[in-house]
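User: I would like to go through this structure step by step. Can we do it as short questions and answers?

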Amino acid sequence: MPSFTLLGQSLVSGVLVGGLYGLVALGLSLSWGLLRLVNLAHFAFAFLGAYLVYQMGTSWHLSPWWAVLLIVPLFFALGVVQHAIFLYFRVVELTSLLVTFGISVIIESALQWIWTADFRRFETPYASVSLKIGAMYVPVVELIGCIAAAGLAWATWAWLRWTYVGKALRATAEDPEIAVAFGVNQRFLSFLLSGVCAAYAGIAGAFIALISTLAPSQIWAWLGVVFAVVIIGRLGNPLGALIAGMLIGAAESVAMATFSPAWAPVVSFSALIVLLLWQPDWL
Amino acid sequence: MLLEARQLRVAYGDATAVWDASLEVDEGEIVSVIGPNGAGKTTLINAIAGLLRCSGGELRLDGHDLTRVPAHRVCAQGIALVPEGRRLFTRMSVEENLEIGCYVPAARAARSATLERVYSLFPVLRERRDAMAGLLSGGQQQMVAIGRALMACPRLMLFDEPSLGLAPAIVDDVFDVVRRVREEGVSVLLVEQNVLKAMEIADRAYVLEQGRIVSSGVPQDLLQQSHIREAYLGV
């Protein structure tokens, strides 16, 4: 039995990593839930963002916070272009899986071509800074990532809940024809949302660059756990994605501390299977 | 003339569902379209609402051509739909459903006043404003669907089978609401299988069979025709 300090520390680290799961899951959940498109390329976009932040940081000495300001509009445009392609080829929910798998492979190859398959580490002065709270260490970058994830999830939730555009997006997800009959420009909103999702991938990418080691093949490493987070958090529900991300992150981390690191991947899928079998009302 | 359809033709691919339909709705009128299942009533009303493209003919609101207006701009022209089967946004609250009704900028500006009007017309909706629309009873859902269309501040409301699937007592309420809608100055085009009710409420009516308008006139005259008495009233 590990000590309470170790358990507490793994809980804290797990929640922080889980915040990043939530951040990556956010855009995927929105496009799946509201556009009915399963965007596997979301992970590749995130890593493209991570590599760009890394490159801007190492060759231009641009701080990641400034890099994000460039990444957001750039990735918004990328999302719009991607959606134009989807509309042109009449991509629907099932075919989107195949098409975006293809896009992911293309981006992975491009990353490998430009940055090689070597592992890369973005060295920043604050990467190793930690706050000490009681007996626990809280890495500052991961804390900021977690706060960013929470802020973005909350802002997105508020946007969907309280604005006309947000309500129109939810209405369109349920019955596009009737939403259009009441004046909702479905086409425009789908472009907007696709852009927002890609921009979220870019933001997640910036934190991936700061927190983890980069390699092109890593785009697949996040896939399983983030899919579990998206489904457990309910499709199209930003706060759900965040909370599910933190819960899965914490559970994984505690499992690693109490059993062995090899058990971590079992946690997210066990949680997913249990919830799918149980189907509680709130899911 | 508020709404004017001339030789309107609507098709699903190669299959034409409405042939050369001509009909008119004047300001302040209630006009009914009756006909059997599959006659093309819903097709006709969806084409007027902009959900389906017309493949031929003219469609004008206040003289303005509607056939080239994109679907999402029809509502702003003053047409609101109460669709068949209500088609509420079931996972959104009652009030959110009503707010989608006033999505169009002009209607949005009048949101609070119209919302107040809808709640005074249907007090039960005020009580249940935060409930998920999908959890309401059939009659209450129909009220939300009518309220949602009223929120658009329309000049013409299209009702597609508003009595479908409702208990008889509620059906009377729904037709009372249609009358009140007209009293507020909104014209009504009503499509119904409940022929007696539709005739009772209408100023004028059209009979649609197999995609063609076969007869039209004031309800009293139509109800005298032996074909209509046999086909729709069974007498």
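What follows is a set of questions and answers on this predicted model.

User: What mean pLDDT does chain B have in this predicted model?
Analyst: The model is predicted, and pLDDT is the predictor's confidence in each residue. In chain B, 100% of the residues reach 70 or more. The mean pLDDT of chain B is 94.

User: Where in chain B is confidence lowest?
Analyst: Confidence in chain B is highest in α3(B), at 98. At the other end is a helix with a mean of 83. That lowest-confidence element is helix α11 (residues 226-233) of chain B.

User: Which ipTM does the model score?
Analyst: Two scores go with the whole model. The pTM is 0.92. The ipTM is 0.94.

User: Which element gives the largest share of the side of chain A that touches chain B?
Analyst: Start with the contact: 17 residues of chain A meet 22 residues of chain B. Two elements give two or more residues to the chain A side, α6 (164-174) and α7 (176-181) of chain A. The largest share, six residues, comes from α6(A).

User: How many charged residues are on the side of chain A that touches chain B?
Analyst: Sort that side of chain A by class. It has nine nonpolar and three polar residues. The charged residues number five.

User: How far apart are the C-alpha centres of domain 1 and domain 2 of chain B?
Analyst: The domain assignment of chain B gives domain 1 (1-78 + 155-170 + 186-235) and domain 2 (90-153). Seven residues of domain 1 of chain B are in contact with seven residues of domain 2 of chain B. The domain 1 side of that contact has six nonpolar, one polar and no charged residues. The C-alpha centres of the two domains lie apart by 25 Å.

User: How many residues of α3(B) are buried?
Analyst: α3(B) is mostly covered. Its cover includes α6 and α7 of chain A, together with α5, α6 and α7 of chain B. Among its buried residues are B:Val94, B:Glu96 and B:Gly101. The count of buried residues is eight of eight.

User: Why are the buried residues of α5(B) on the same side of the helix?
Analyst: Helix α5 (residues 111-121) of chain B has B:Thr114, B:Leu115 and B:Val118 buried. In general, an α-helix has 3.6 residues a turn, so residues three or four places apart point the same way. The three buried residues of α5(B) are on the same side because they cover an arc of only 100 degrees.

User: Which exposed residues are on the face of α5(B) turned away from its buried side?
Analyst: The buried residues of α5(B) pack against α3 (94-101), α4 (105-109), α6 (123-127) and α7 (138-151) of chain B. The face turned away from them carries the exposed residues. They are B:Ser112, B:Ala113, B:Glu116 and B:Ser120.

User: Which residues touch the most other members of the largest nonpolar core?
Analyst: This core has 170 residues. Its largest share, 15 residues, comes from α8(A). Chain B adds at least three residues from each of domain 1 and domain 2. The residues that touch the most other members are A:Val229 and B:Leu158.

User: Is A:Ser194 buried or exposed?
Analyst: A:Ser194 is found in helix α8 (residues 186-211) of chain A. Beyond its neighbours within four places in sequence, A:Ser194 is in contact with A:Ser31, A:Leu35, A:Gly79, A:Val80, A:Gln82 and A:His83. A residue counts as buried with 20 or more other C-beta atoms within 10 Å. A:Ser194 has 27, so A:Ser194 is buried.

User: Is B:Glu161 buried or exposed?
Analyst: B:Glu161 is found in the loop between β7 (156-160) and α8 (168-183) of chain B. Its phi is near 50 degrees, a positive value in a residue other than glycine. B:Glu161 has 21 other C-beta atoms within 10 Å, so B:Glu161 is buried.

User: What is phi of A:Arg36 near?
Analyst: A:Arg36 lies in the loop between α1 (4-35) and α2 (41-59) of chain A. With 17 other C-beta atoms within 10 Å, A:Arg36 is partly exposed. Its phi is positive, though A:Arg36 is a residue other than glycine. That phi is near 60 degrees.

Key: Residues numbered from 1 in each chain as written. Chains lettered and ligands numbered in written order. Predicted model: local features only at pLDDT ≥ 70, side-chain atom pairs only at ≥ 80, totals over all residues. Domains from an automatic or database assignment. Contact = placed C-beta atoms within 7 Å. Nonpolar A, V, L, I, M, F, W, Y, C, P; charged D, E, K, R; others polar. Helix = DSSP H or I, 4+ residues; strand = E, 2+ residues; numbered from the N terminus. Buried ≥ 20, exposed ≤ 12 C-beta atoms within 10 Å, placed from the backbone. Arc of directions from axis to C-beta. pLDDT = per-residue confidence, 0-100. Core = buried A, V, L, I, M, F, W, Y, C linked by C-beta atoms within 7 Å.
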